[in-house]
Each structure stands twice: as C-alpha cells, then as structure tokens.
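Here are my notes on the model, set out as numbered points for you to read beside the coordinates.

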Amino acid sequence: MATTEQANLTAAQQYVNEVYETVKKRNPGESEFHQAVKEILDSLVPVFAKHPKYQNESILERIVEPERIISFRVPWVDDQGKVQVNRGFRVQFNSAIGPYKGGLRFHPSVNASIIKFLGFEQIFKNSLTGQPIGGGKGGSDFDPKGKSDREVMKFTQSFMTELSKYIGPDTDVPAGDIGVGAREIGYMFGQYKRLVGGNEAGVLTGKGLTYGGSLTRTEATGYGLVYFTQEMLKTKGESFTNKTVVVSGSGNVSIYAIEKAQQLGAKVVACSDSNGYVYDKDGINLDTVKRIKEVERKRISEYVKEHPTAQYVEGCQNIWTIPCDIALPCATQNEINEEAAKTLVANGVKYVAEGANMPSTLEAIEVYLSNDVYFGPAKAANAGGVAVSALEMAQNSARLAWTFEEVDTKLQTIMTNIYNNSVKAAEEYGHTGNLVVGSNIAGFLKVADTMIAHGVV
C-alpha cells in the first residue's frame with residue numbers, strides 16, 4: 001500500500017475515533033447507541049480517506065446528532081380504573097432524503113438509547129432502499145402482552161394524542177415494530193383522524209387493507225430477508241433448497257421469513273419467543289405457529305402440545321446451539337453474542353442474515369467475518385419492511401392499491417438492488433465480500449451527498 005494512501009487511512013481512522021469518543025461523552029450510558037455508531041463509523045474510514053470533503057463538511061458530527069428527540073409521558077386508565085403512566089419517545093434523526101420514517105416499538109426495554117440506536121440505523125437502511133425516506137424511530141416502555149384490547153386502545157390513543165403534534169405524511173411517518181402490529185396501528189390511526197379532522201392515510205404505514213394499507217406489507221420484512229439471503233446464496237452458487245435453517249423469534253418477521261424459506265425449499269427446524277424455543281427435526285409447522293402467535297396470542301411452548309415429537313426448551317439463547325446451514329436472527333438486539341456465534345460456526349453455519357435490528361454483537365460479527373461466514377447485516381437484510389412502507393406511502397399519495405404480486409415484485413427488486421449496491425461499495429472501497437462495510441458505505445454516501453447539497457442545516 002502506498003505511503004500516502006496509508007497516511008490517509010490513518011488520519012481518517014483518527015478522525016472517526018475522535019467523533020466516536022465525542023458521541024460516548026455526549027450520550028453517557030447509552031450502550032446500544034454507542035454500539036450502532038461504532039459499527040457504522042468504523043466502516044466509513046475508507047470513505048473519509050478517499051473523500052476529504054465529508055470531513056471538511058463535518059458530515060459525521062452532524063449525522064450522529066438527531067435533528068430532534070421528543071420524550072413525553074403517556075397516562076392511561078387500565079381495566080381496574082387505575083391510572084398508569086408510561087414514557088413515549090420519537091427520535092427524528094435525519095430528514096436529508098425524505099420525511100422521517102421508522103417504526104414504533106412497545107416493549108418494557110424501550111429507552112432513549114434503544115430508540116436512538118434504532119433511529120440511527122434507520123437512516124442508512126432507508127437510504128439503501130432507494131426510496132425518498134429519512135431516518136426516525138419511536139416507541140414506549142408500555143408492554144402490550146397481557147393487556148386487554150381495551151387497555152391497548154386506551155394506551156395507544158393517549159400515545160397518539162401527544163405524538164400527533166410531531167408527525168404527518170410529509171414530515172414523519174411511523175410504522176410498527178416489536179409490540180406494534182395491526183391492532184395498535186389501527187387504534188393510533190383512528191385517534192389521529194379524530195385529532196386532525198381528516199383522513200391522512202399516509203401518516204402511518206402498516207395499516208389494515210380496508211383503510212389504506214398495502215398488500216405484502218405484513219410479509220415484507222420476513223420475505224425481504226429471505227430474498228436478500230437468496231442473493232447471498234446465489235453468489236456462492238447455492239440456493240435454499242434442502243438447507244437447514246434456524247429462525248429466532250416467532251413474531252411477524254420470523255413467521256414470514258419461515259414461510260418464504262420453506263417455499264424456496266428450506267427446512268426450518270426452530271423458532272422461539274422470549275420464554276424459550278421449539279426444535280422440530282421434521283420441520284416447523286408454520287400453520288401451528290401462525291395460529292398460536294397471531295390468533296391465540298399464546299406462548300410458543302404451546303407448539304409441542306400439537307407436535308409431540310418436537311422439543312420445547314426454556315430460555316431462548318440456546319437456540320443457536322442447533323446445527324444449521326443458515327441462521328436468521330429475527331428476535332431482538334444483541335441476541336447472538338460472541339459465544340453463540342462461535343457455537344454456530346462450530347456447528348457448520350455458512351450464512352447469517354439479520355431479520356431483527358442489530359441482533360449480533362460487534363464481537364459476534366467479528367467471529368462471522370473471521371470464519372468465512374457470509375454475513376448479511378440488518379440494515380441491508382431487513383430493509384424490506386420499510387421499503388414496502390415507502391411503497392404504501394406512494395400508494396396512499398396516488399390513491400391507488402397495487403396487487404400483492406406488484407408489491408412483491410417491487411420488493412424483490414429492491415432487495416436485489418440493496419445486495420448488489422452493498423457488494424459494489426465493498427469492492428470499490430477495498431473490502432470485497434464484506435456486506436457490513438458495503439451496506440454502511442452505500443447507505444452513507446447518498447445521505448452525505450444530499451446533506452452537502454442542502455448546505456449547513
């Protein structure tokens with residue numbers, strides 16, 4: 001490597017390190033946010049070495065600071081007549097390429113750090129889709145589990161009463177995430193309509209089909225994950241046919257990842273929830289999982305009552321001890337640590353693609369990369385959900401409804417483009433085959449160039 005090139009890389013690494021240290025000082029105790037920032041910034045070193053204009057314009061310093069953070073209380077009355085109080089969040093991180101776009105998460109773990117890490121990741125994920133959408137995220141520490149429909153309705157109405165002041169079809173368009181499905185979106189949209197006095201369908205995505213929702217939106221993240229993984233397999237001359245797959249989680253993303261993988265010939269042998277996992281050597285019966293989780297809203301342990309040859313194991317972490325060719329983590333952040341990654345490698349895993357947001361720790365990712373496991377990072381692999389959300393926005397704006405096949409075809413094209421653009425960026429910047437670097441760079445360049453075009457704002 002030429003001396004000048006090495007000097008530029010060293011200077012760029014020093015700059016990136018300085019920005020990261022500033023982020024840690026300004027955001028103490030926010031470990032998830034720190035992790036997301038470090039993973040992305042480290043990937044961008046070759047960009048800053050090659051293009052000093054981004055450093056001269058302080059793009060990093062600007063992009064790691066949210067444009068706006070909103071925190072608010074959410075009071076509501078439970079079925080016993082007692083007033084409960086939760087905390088709500090919305091981070092509007094970056095609007096360079098379009099209105100803020102990102103889901104709402106209802107889960108007891110939700111705090112400022114988690115919402116900021118999700119919002120930061122969303123900037124680059126949304127950029128990768130090629131759609132005109134910026135990055136945002138939101139949610140609450142409210143737990144829908146165990147709540148009646150009426151309690152969920154009262155909470156979501158209170159939540160939207162405050163959130164409605166900051167969102168709109170051309171400003172900020174939330175969607176669902178963990179704990180926020182069709183029921184919650186429906187209640188929030190109804191409340192938004194009451195508050196604004198009009199039917200602004202484009203203000204939320206993930207809506208029901210009777211009031212502006214898009215076909216394929218329910219399936220989009222899971223299907224998109226599998227379409228992305230399919231491109232990974234094609235690169236190696238392989239396919240899903242006869243591959244053994246482990247999928248963590250049993251929510252929306254997991255269910256439809258299982259469905260599409262099975263349609264493409266894979267044998268999915270395990271899935272989980274927060275209590276434990278089921279292993280079915282004959283292959284997971286998806287109809288049973290769908291009924292348990294989507295209709296009955298019960299725990300995955302119910303599965304073995306109908307499939308006695310399957311095994312249920314308490315605790316979800318050990319799902320990664322099951323030998324597989326392909327691992328699709330679709331549950332939650334940091335579910336695969338270094339030890340779990342080493343176990344996967346020892347058991348022969350060849351592909352890991354992330355359906356959840358940041359499900360692998362930085363140490364786990366290093367294990368994949370150092371052991372020739374082909375790795376698809378979340379911001380690229382799970383971008384199908386937000387991609388179809390953007391397609392839902394387009395349909396709402398045009399007052400049109402596309403067929404399932406039309407949307408699914410567009411989704412496949414988007415996921416293929418994300419893969420190809422990530423591969424191309426990785427190769428161009430000296431990291432051939434590294435989709436972490438490739439997706440981060442491809443997502444960053446579009447946003448950075450637009451920020452420069454807009455001036456200092």
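1. How do the residues of the lining of the second largest pocket divide into nonpolar, polar and charged? In this predicted model, the lining comprises nine nonpolar, four polar and four charged residues.

2. The second largest pocket itself has a volume of about 330 Å³. It is lined by 17 residues, of which E39, D42, S43, V436 and V437 are the closest to its centre. Two or more lining residues come from each of the elements α1 (3–26), α2 (31–43), α3 (45–50), α14 (362–370) and α18 (435–454).

3. An open sheet of seven strands, with mixed pairing, follows the order β9-β8-β7-β6-β10-β11-β12. β9 (311–314) and β12 (374–376) stand at its edges with a single partner strand each, so one side of each lacks a neighbour in the sheet. On average, and ignoring direction, neighbouring strands are turned by 15° against each other.

4. Within that sheet, strand β6 (residues 244–247) runs parallel to strand β10 (residues 326–328), and three bridges join the two; V247, for instance, has L328 of β10 as its bridge partner.

5. The structure contains 21 aromatic pairs. The ring centres of F48 and Y54 lie 6.4 Å apart with their planes at 80°, and the pair is therefore edge-to-face; F48 and Y54 are both buried.

6. F120 and F124 also form an edge-to-face pair, at 5.2 Å centre to centre and 80° between the planes. Both residues belong to helix α6 (residues 112–128), where they are four residues, or about one turn, apart, and both are buried.

7. Finally, ring pairs connect F72, W76, F106, F142, F155 and F159 into a cluster.

Notes: Residues are numbered from 1 along each chain as its sequence is written. This is a predicted model: local features need pLDDT of at least 70, side-chain atom pairs count only at pLDDT 80 or more; totals for chains, interfaces and linings use all residues. Side-chain values use heavy atoms; hydrogens and water are left out. On a 1 Å grid over the protein atoms alone, a cavity is a set of points where a 1.4 Å probe fits but cannot get out, and a pocket is an open set with protein on both sides within 12 Å along at least five of seven lines; lining residues have an atom within 4 Å of a point. Grid points are joined across faces, edges and corners, and a volume is the space filled by probe spheres set on the points. Ala, Val, Leu, Ile, Met, Phe, Trp, Tyr, Cys and Pro count as nonpolar, Asp, Glu, Lys and Arg as charged, and the others, Gly among them, as polar. Two strands pair if DSSP finds at least two bridges between them. Axes are lines fitted to C-alpha atoms, for helices over the stretch in contact, and angles run from 0 to 180 degrees between N-to-C directions. Rings of Phe, Tyr and Trp (its six-membered ring) pair if their centres lie within 6.5 Å; planes under 30 degrees apart count as stacked, over 60 as edge-to-face and the rest as tilted. Buried means under 20% relative accessible area, exposed over 50%, partly exposed in between (1.4 Å probe, protein chains only).
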